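Dear colleague,

I am passing a structure on to you, together with some notes on it. Please look through it before reading on.

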Amino acid sequence: MFTGIVTDIGIVRRLEQQGDLRAEIQCSYDVDGIDLGASICCNGVCLTVIELGEDWFAVEVSAETLSKTNLDEWGEGRRINLERALKVGDELGGHIVSGHVDGVAEVVSMEQEGDSTRVLFRAPEALSKFIAPKGSVALNGTSLTVNEVDGNVFGVNLIPHTKVVTTWGDVKTGDAINLEVDTMARYVARLQSSAS
C-alpha cells in the first residue's frame with residue numbers, strides 16, 4: 001500500500017527486454033534499506049525490486065502491466081515518481097493507493113491559475129463513474145483531489161510545490177497518465193451493483 005505522496009524522483013537508467021521488461025531506476029533512496037522483493041511505486045505502478053546497485057534498483061515489468069499503463073513509453077533518462085511502501089505508523093498524507101493502475105488518462109489541457117496549474121484529463125469511459133468532485137485519484141502515483149467532473153473529463157489543480165517535488169513539471173498536453181481511482185469508490189460501486 002502507498003499514500004500517493006511522492007518521496008523521490010527516479011531516473012530510468014537502463015531498459016532491457018528479457019521476456020519481461022527489466023528496468024534499472026536510479027534513485028536517492030538509501031538502497032541498503034531496500035530489501036529484494038520490496039514494493040516500490042513507480043509512476044503509480046507497484047513494482048517488485050529484483051536487484052540492487054549502488055544508487056539504483058531493478059524491477060521487471062510484465063506485458064500485462066505494459067498493456068494497462070504508460071510504462072511502455074519509458075525511455076532511458078525518463079524521470080519518474082517514486083514512493084516506498086507504507087509502513088505501519090507512517091503518516092497517511094494522501095489517500096490509500098494500491099499501485100494497481102486502472103487505466104490511462106490523457107492530459108487534454110493545462111492552464112495557469114495564479115501560481116497553480118489547472119489540468120484537465122480525459123479518463124476511459126469505464127472509469128469515469130468512479131471519479132467524483134472532491135474525491136481522490138492517483139495520477140502517475142501522485143494523490144490529487146478532483147476539482148470538477150464533466151462526463152469523462154475531470155480536473156485537478158497542481159500547486160507549485162507539487163510540480164517541483166514530482167514529475168508534474170514535465171507533463172504536457174496529450175501525455176498519457178497512469179490513473180488509479182479511489183479504492184473506496186470501487187467498493188461503493190460494487191455494493192450498489194450487487195444491491196440492484
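The notes below deal with salt bridges and then with a pocket.

This is a predicted model, in which local features need pLDDT of at least 70 and side-chain atom pairs count only at pLDDT 80 or more, while totals for chains, interfaces and linings use all residues. Residues are numbered from 1 along each chain as its sequence is written, and side-chain values use heavy atoms, with hydrogens and water left out.

The structure holds 11 salt bridges (a side-chain nitrogen of Lys or Arg within 4 Å of a carboxyl oxygen of Asp or Glu). One of them joins R118 to E148, with the closest N and O atoms 2.6 Å apart; this pair links distant parts of the chain, since R118 lies in strand β8 and E148 in strand β11 (residues 148-150), 30 residues apart (strands are DSSP runs of E, at least two residues, and helices runs of H or I, at least four, numbered from the N terminus). R122 and E106 also meet in a salt bridge, at 3.4 Å from N to O. R122 belongs to strand β8 (residues 116-122) and E106 to strand β7 (residues 103-113), so this pair ties together parts 16 residues apart in sequence. In addition, a network of salt bridges links R13, R14, E16, R22, E24 and E51.

The lining of the largest pocket divides into five nonpolar, 10 polar and no charged residues (Ala, Val, Leu, Ile, Met, Phe, Trp, Tyr, Cys and Pro count as nonpolar, Asp, Glu, Lys and Arg as charged, and the others, Gly among them, as polar). A pocket here is an open set of points on a 1 Å grid over the protein atoms alone, where a 1.4 Å probe fits, with protein on both sides within 12 Å along at least five of seven lines, and lining residues have an atom within 4 Å of a point. β10 gives the most to this lining, with four residues.

With best regards
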